[in-house]
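Me: I'd like to learn how to read a few features off a model. Can we start with a helix and its two faces?

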Amino acid sequence: MVCLDYRIRDEQGLHVRPISKIVFTLMKYNCRVQVKGRQGAADGKDMMELLALNAGKGEMICFIFEGAEEKAASEALEKLLSEIGL
């Protein structure tokens, strides 16, 4: 199991554009990804569940990776998050 904590910096919070990039990236990896936020948990590969987290600017979210490619998936997501400036 690999955990990645991330504080949202975008003024709009966790919104459709970055969520679509997150889902597209994570779908490439053979592992389960759970995202925990203040309002609950979501499947990291499900766009609607991520939107339902309603995570705003300044909120800490935690990505939990479990499975064969958990390390590669967490590294790819960490790179993506730094590139898109979420």
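Me: Which exposed residues does the face of α1 turned away from its buried side carry?

Reply: Keep in mind that this is a predicted model. To read a helix, sort its residues by accessibility, then look at where they point around the axis. On the face of α1 turned away from the buried side, you find the exposed residues Arg-17 and Phe-24.

Me: And which residues of α1 are buried?

Reply: Those are Pro-18, Ile-19, Ile-22, Val-23, Thr-25 and Leu-26. They span an arc of only 165° around the axis, so they sit on the same side of α1.

Me: What covers the buried residues of α1?

Reply: The cover includes two strands, β2 (32-37) and β4 (60-66), along with the helices α2 (47-52) and α3 (70-84).

Me: Where is Val-16 placed, and which residues form a nonpolar patch with it on the surface?

Reply: Val-16 belongs to helix α1, which runs over residues 16-26. It is partly exposed, at 45% relative accessible area. Its partners in the patch are Met-48 and Leu-51, and together the three have about 270 Å² of accessible area.

Me: Now salt bridges. How many does the structure hold?

Reply: For these, check the distance between a side-chain N and a carboxyl O, then ask where the partners sit. There are 5 salt bridges here. One of them joins Glu-11 and Lys-57, with their closest N and O atoms 2.5 Å apart. That pair links distant parts of the chain, 46 residues apart: Glu-11 is in the loop between β1 (2-7) and α1, and Lys-57 in the loop between α2 and β4.

Me: What about Arg-38 and Glu-59: are they buried or exposed?

Reply: One of each! Their side chains meet in a salt bridge at 3.3 Å, N to O. Arg-38 is exposed, with a relative accessible area of 62%, whereas Glu-59 is buried at 6%.

Me: Where do Glu-83 and Lys-79 lie?

Reply: Both are in helix α3, 4 residues apart, or about one turn of the helix. Their side chains form a salt bridge at 3.9 Å, N to O, and both residues are exposed.

Me: Last one: how many disulfides does the count come to?

Reply: A disulfide is a covalent bond between the sulfur atoms of two cysteines. Here the count is 0. For Cys-31, the nearest cysteine sulfur is that of Cys-3, 12 Å away. Cys-62 also has the sulfur of Cys-3 as its nearest, at 4.7 Å. The cut-off is within 2.5 Å, so a distance of 4.7 Å doesn't qualify.

Notes
Residues numbered from 1 in each chain as written. Predicted model: local features only at pLDDT ≥ 70, side-chain atom pairs only at ≥ 80, totals over all residues. Heavy atoms only, no water. Patch = residues over 30% accessible without salt bridge, like charges linked within 9 Å, V, L, I, M, F, W, Y side chains within 5 Å. Areas by Shrake-Rupley, 256 points an atom, 1.4 Å probe, with all protein chains shown as cover. Salt bridge = Lys/Arg side-chain N within 4 Å of Asp/Glu carboxyl O. Buried < 20%, exposed > 50% of the residue type's maximum accessible area, 1.4 Å probe, protein only. Arc of directions from axis to C-beta. Contact = heavy atoms within 4.5 Å.
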